[in-house]
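Student: I have not looked at this structure before. Could we go through one pocket and one pair of helices?

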Amino acid sequence: MNVISAIKLYINKMANESGPGMKILLMDKETTSIVSMAFSQSDMLQKDVFLFERIDSPRSNERLKHLKCIVFLRPTKNNIALLSHELRSPKYGSYYVYFSNIIPRTDIKLLAESDESESVREVKEIYADYLCVNDNLFSLSLPNCMHALNWTADALARSVEGVTAVLLSLKMKPVIRFRAGSNVAQALAKQVNEKITKESSLFEFRIQESGAPPPLLLILDRRDDPVTPLLNQWTYQAMVHEMLGINNNRVDLSGISGAPKDMKEVVMSVDQDEFYASNMYSNFGEIGTTIKGLMDEFQKKAKDQKKVESIADMKNFVESYPQFRKMCGTVTKHVVVIGELSNQVGKNLLLEVSELEQEIACRADHSAQLQRVKRLIQEGKASLKDALRLILLYSLRYERHANCDITGLLQTLKNRGGPAHIVPRMLEYAGQHNRQGDLFSTVKITDAVKLTRNLIKGLKGVENVFTQHSCLLKETLEDVIRGRPLDPLYPSIGSELPFRRPPQHVIVFIVGGVTYEEALAVAQLNQVGQRIILGGTTVHNSESFCREVMAATAGVPFKHTRSLQQFHTTDNA
């Protein structure tokens, strides 16, 4: 149950099957990202891959018949047309063609007709059709998947292909459940089920041991928990994404003063950076201590490097220099990144802002919280980005409170030139009318399990005021693990009888994007023996989530926020 290993297995297979000799890797935009998330360029060089080209970019017409060409493409109509054109006039000696998903037979026939010179040695399907972010986290890189609160056709088709590829790469034929009442979760569940039925021969894996429950594919809707993507984060990976943005494992440092010239963009990969892999779930305080330890170790090694007095010292120096250079790069990168995070925490008063965000998310205290939000916004202490976040959290929690003052807060934000128009859109997207489940723990006395859970939480107290929020996904997964009945909240597709025992393998897919806080919750459950993989249409921070909400609610009439009419458009705001 490791998506990085699954992707690596396929790419190694591609590189090995073409045999020894110099190779070129011909990709498209998406497969370039898939490969680069799993391997660095130097890793690929060790597999005899010396050139990398994009089939959808201008290329030279020079013929290189001494090279083998590994072709790795998504099976889209455009890619098939480009590859057919390539094969009619081949530049390379031989072609080994791999598609990242199921390819229709008609397209295979078209390629065979184009290959008049018979230069194609192999055509295969490998199911590496998603981005592996962490061991337990994958993304489809679809930043906006909805319009008018429904799927866009392209995003739905891509999600069906991506989820199917994950199932095939992990060799699973699951029971599929979806969030009841969610049109987008149901549509995806239905189409994935149809795909599995249509391609039944591909899903004939080893039979489950008798009595063992089948794996579970659980399809959820981001609208049930709009709070998690809006909160400031305090673990390393999540903080970097929230403050600097992680895009395909890359972080742009070009706008940061003090970043070295050769570090305008750095790679933050679990697989290629040992320090990052060990500390991605550490909180901000721990990271400072850890980086100091790494600095001390580096300085000690730097002193040792200077002591080159004998032939043996020279030999040791030459042998250890590559590791020393690598360590130098790692230390510099993380010192720059952590320095910038620290700078932003101080400059934007994020300790104070974050404490209030957590209070709003975790406990009801309307009048006190309203006064604190007003004070932070009016005094200009909170940046516009943080002011918007506080108002969004307040609005989601108290939209139906008798003394709710969203209008007053939005007027203050508008006076400061802030994007007040996002708030009504958020309430249309994920207001109380659209959410299922219990986001803010407003428990009915009849729900004994949840009441007990909340009492225990209250008795335990709060270990850390900045991380007291627990995402809704964690609660849902705990219900799955304990074997609690999932009907009627998460009905299954098909007529299979529900298993009494909880599933041993779970894949969760969230339509509308996942967060690194949710990936941390999954990692913690996996540490105690669970086997869970999390995926989503994209990986959000608060800014990308607000952009997704704006795109998803375009073309939707304002039914639930008529009282905020003066803030409906950017002109009014």
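Student: Which element gives the most to the lining of the second largest pocket?

Tutor: This is a predicted model. The second largest pocket is lined by 32 residues. Elements that each supply at least two residues of this lining are α2 (29–38), α3 (41–45), β2 (49–54), β14 (265–267) and α11 (311–347). The most, 7 residues, comes from α11.

Student: How do the residues of that lining divide into nonpolar, polar and charged?

Tutor: Ser-40, Gln-41, Ser-42, Val-267 and Gln-272 are the lining residues nearest the centre of the second largest pocket, which has a volume of about 850 Å³. Over the lining of this pocket, the division is 10 nonpolar, 11 polar and 11 charged.

Student: What is the orientation of α18 relative to α19?

Tutor: Helix α18 covers residues 472–481 and helix α19 covers residues 516–527. Their axes are 9 Å apart, and the packing angle is about 30°. Angles under 35 degrees count as roughly parallel. Therefore α18 is, relative to α19, roughly parallel.

Student: Which residues in α19 are met by α18?

Tutor: The two helices pass in a right-handed crossing. From α18, the residues in the contact are Leu-473, Lys-474, Leu-477 and Ile-481. By class, the contact of α18 with α19 has 6 nonpolar, 1 polar and 2 charged residues. On the α19 side, the residues are Glu-518, Ala-521, Val-522, Gln-524 and Leu-525.

Definitions and conventions:
Residues are numbered from 1 along each chain as its sequence is written. This is a predicted model: local features need pLDDT of at least 70, side-chain atom pairs count only at pLDDT 80 or more; totals for chains, interfaces and linings use all residues. Side-chain values use heavy atoms; hydrogens and water are left out. On a 1 Å grid over the protein atoms alone, a cavity is a set of points where a 1.4 Å probe fits but cannot get out, and a pocket is an open set with protein on both sides within 12 Å along at least five of seven lines; lining residues have an atom within 4 Å of a point. Grid points are joined across faces, edges and corners, and a volume is the space filled by probe spheres set on the points. Helices (H or I, at least four residues) and strands (E, at least two) are DSSP runs, numbered from the N terminus. Ala, Val, Leu, Ile, Met, Phe, Trp, Tyr, Cys and Pro count as nonpolar, Asp, Glu, Lys and Arg as charged, and the others, Gly among them, as polar. Axes are lines fitted to C-alpha atoms, for helices over the stretch in contact, and angles run from 0 to 180 degrees between N-to-C directions. Angles under 35 degrees count as roughly parallel, over 145 as roughly antiparallel, 65 to 115 as roughly perpendicular and the rest as oblique. A crossing is left-handed if the near helix is turned anticlockwise from the far one by less than a right angle, and right-handed if clockwise. Contact means heavy atoms within 4.5 Å.
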